[in-house]
Amino acid sequence: MAISKRILIADDHAIFCEGLKQVIATTVNMVVAGEAANGQEALGKVRENDYDMVILDISMPGRNGLDILTEIKSLRPHMPVLVMSMHPEEQYALRAFKAGASGYLTKGGAIQELVEALHKVALGKKYISSSLAETLVSDLDNSPHDQIYKNLSNREFQVLCMIASGKPVGRIATELTLSVKTISTYRTHILRKLNMNNNAELTRFALENQLV
């Protein structure tokens, strides 16, 4: 009898986690061996336990999820990480793969797609959806201006998307557990790097590049 793959779920949405556990419970040779509600807790569990895979939400409160992903891969270079996010693939998938992810799924995807991704990642392979593959190919033809946002740091990119979604600085600070001053500093850096002057220009840019 094959040994079940031990999975750590790192996600702060309780209802989603319950649904995820139900899917894994019906998946052959896989078992949920741990749960974490934020990035720091996930890092602690990865340090203290041996898992075969991590399912990571990159939009948890606190530190940037892509930074957490990078640290997980630093601690366990050969352990696959499947990223699941509410953000569309166009926003975060490429950044996630560059940070070491083995796969990227949006939370609104089909259950069968999740099962397929779990099996593929568990075998040490990469999982890329057909829609993401098309996006990556189309990106090869994009102009430098279309890709300028990719020069932003992961945190700057996250703040850009939140600003473009209409969230005020105070709410962004609360959700990321950072100070308003820190978020304002990120905003200033974003405006400078994108050569823009205000939130309206940032929002238009984000909409044109399908970031929101």
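Five strands of this predicted model make up an open sheet, arranged in the order β2-β1-β3-β4-β5 with parallel pairing. Two strands are taken to pair if DSSP finds at least two bridges between them. Strands here are DSSP runs of E with at least two residues, helices are runs of H or I with at least four, and both are numbered from the N terminus. The edges of the sheet are β2 and β5, each of which pairs on one side only. Between neighbouring strands the average turn is 20 degrees, direction ignored.

Helix α5 (residues 111-122) packs on this sheet and touches β1, β2, β3, β4 and β5, where contact means heavy atoms within 4.5 Å. The direction of α5 makes about 155 degrees with that of β4; axes are lines fitted to C-alpha atoms, for helices over the stretch in contact, and angles run from 0 to 180 degrees between N-to-C directions.

Strands β1 and β3 pair in the parallel sense over four bridges, and Ala 10 stands opposite Leu 56 in β3.

| Strand | Residues |
|---|---|
| β1 | 5-10 |
| β2 | 30-36 |
| β3 | 53-57 |
| β4 | 81-85 |
| β5 | 103-106 |

The protein chain as a whole has 10 helices and five strands. Of its 212 residues, 44% count as buried, meaning under 20% relative accessible area with a 1.4 Å probe, protein chains only. Among contacts with a separation of 6 or more, 63% join residues 24 or more positions apart.

Residues are numbered from 1 along each chain as its sequence is written. Local features need pLDDT of at least 70, side-chain atom pairs count only at pLDDT 80 or more, and totals for chains, interfaces and linings use all residues, while side-chain values use heavy atoms, with hydrogens and water left out.

Notes:
Buried means under 20% relative accessible area, exposed over 50%, partly exposed in between (1.4 Å probe, protein chains only).
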